[in-house]
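Colleague: I'm new to this one. Could you show it to me and let me quiz you on the words you use?

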Amino acid sequence: MAEMDTLREAFEDNGYKVAGLSQNRTNTRIELYDEGAEADKLRSLIEETLEESPLGVNVTTESIESGDAIGTVITLRQR
């Protein structure tokens, strides 16, 4: 749980507004209100924030907030 707080803080400190953050076993999902966020910057931020590099990071533009908004969704898988 502390890792999720660390990720939220890292994104917010870098000017991103976090819409949601969830974790299911080794998968983490981060929803941002910024639909135009650059994937390379997001991947770098994650790698700098986490102690161990994730196995994979996927960045997409999807509907968030139960379909009421469009945002950037980052999913990553950790060891």
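Modeller: Sure. Keep in mind that this is a predicted model. Let's start with D40, which counts as exposed at 58% relative accessibility.

Colleague: What makes D40 exposed?

Modeller: The cut-off for exposed is over 50%. D40 has 58%, so D40 gets that label.

Colleague: And why is R43 called partly exposed?

Modeller: Partly exposed lies between the limits of 20% and 50%. R43 is at 29%, so R43 belongs there.

Colleague: How do you know that D40 and R43 form a salt bridge?

Modeller: A side-chain nitrogen of Lys or Arg has to be within 4 Å of a carboxyl oxygen of Asp or Glu. For D40 and R43 the closest N and O atoms are 3.8 Å apart, so the pair passes. Both residues lie in helix α2, three residues apart, about one turn of the helix.

Colleague: Which residues are joined into one network by salt bridges that share partners?

Modeller: That would be R29, E31 and E62. The side chains of R29 and E31 meet at 3.0 Å, N to O, while E62 and R29 have their closest N and O atoms 3.4 Å apart. Since E62 is in strand β3 and R29 in strand β2, the pair ties together parts that are 33 residues apart in sequence.

Colleague: Why is E31 called buried?

Modeller: Buried means under 20%. E31 comes in at 17%, so E31 is buried. R29, at 27%, counts as partly exposed, and so does E62, with 29%.

Colleague: How many salt bridges does the structure hold?

Modeller: Five, including the ones we just went through.

Colleague: What about T28, what makes that residue buried?

Modeller: T28 has 2% relative accessibility, and the limit is under 20%, so T28 is buried. T28 lies in strand β2, residues 27-32. Not counting residues up to four places away in sequence, T28 touches L7, S22, Q23, I74, T75, L76 and Q78.

Colleague: How do you know that the side chains of T28 and Q78 make a polar contact?

Modeller: The distance is 3.3 Å, and the cut-off is within 3.5 Å.

Colleague: Last one: why is L55 called partly exposed?

Modeller: L55 has a relative accessible area of 47%, which is between 20% and 50%, so L55 takes the middle label. L55 sits in the loop between α2 and β3. Leaving aside neighbours within four places in sequence, L55 is in contact with R77, Q78 and R79.

Conventions. Residues numbered from 1 in each chain as written. Predicted model: local features only at pLDDT ≥ 70, side-chain atom pairs only at ≥ 80, totals over all residues. Heavy atoms only, no water. Helix = DSSP H or I, 4+ residues; strand = E, 2+ residues; numbered from the N terminus. Buried < 20%, exposed > 50% of the residue type's maximum accessible area, 1.4 Å probe, protein only. Polar contact = N/O pair within 3.5 Å; in protein donor to acceptor, adjacent residues only side chain to side chain. Contact = heavy atoms within 4.5 Å.
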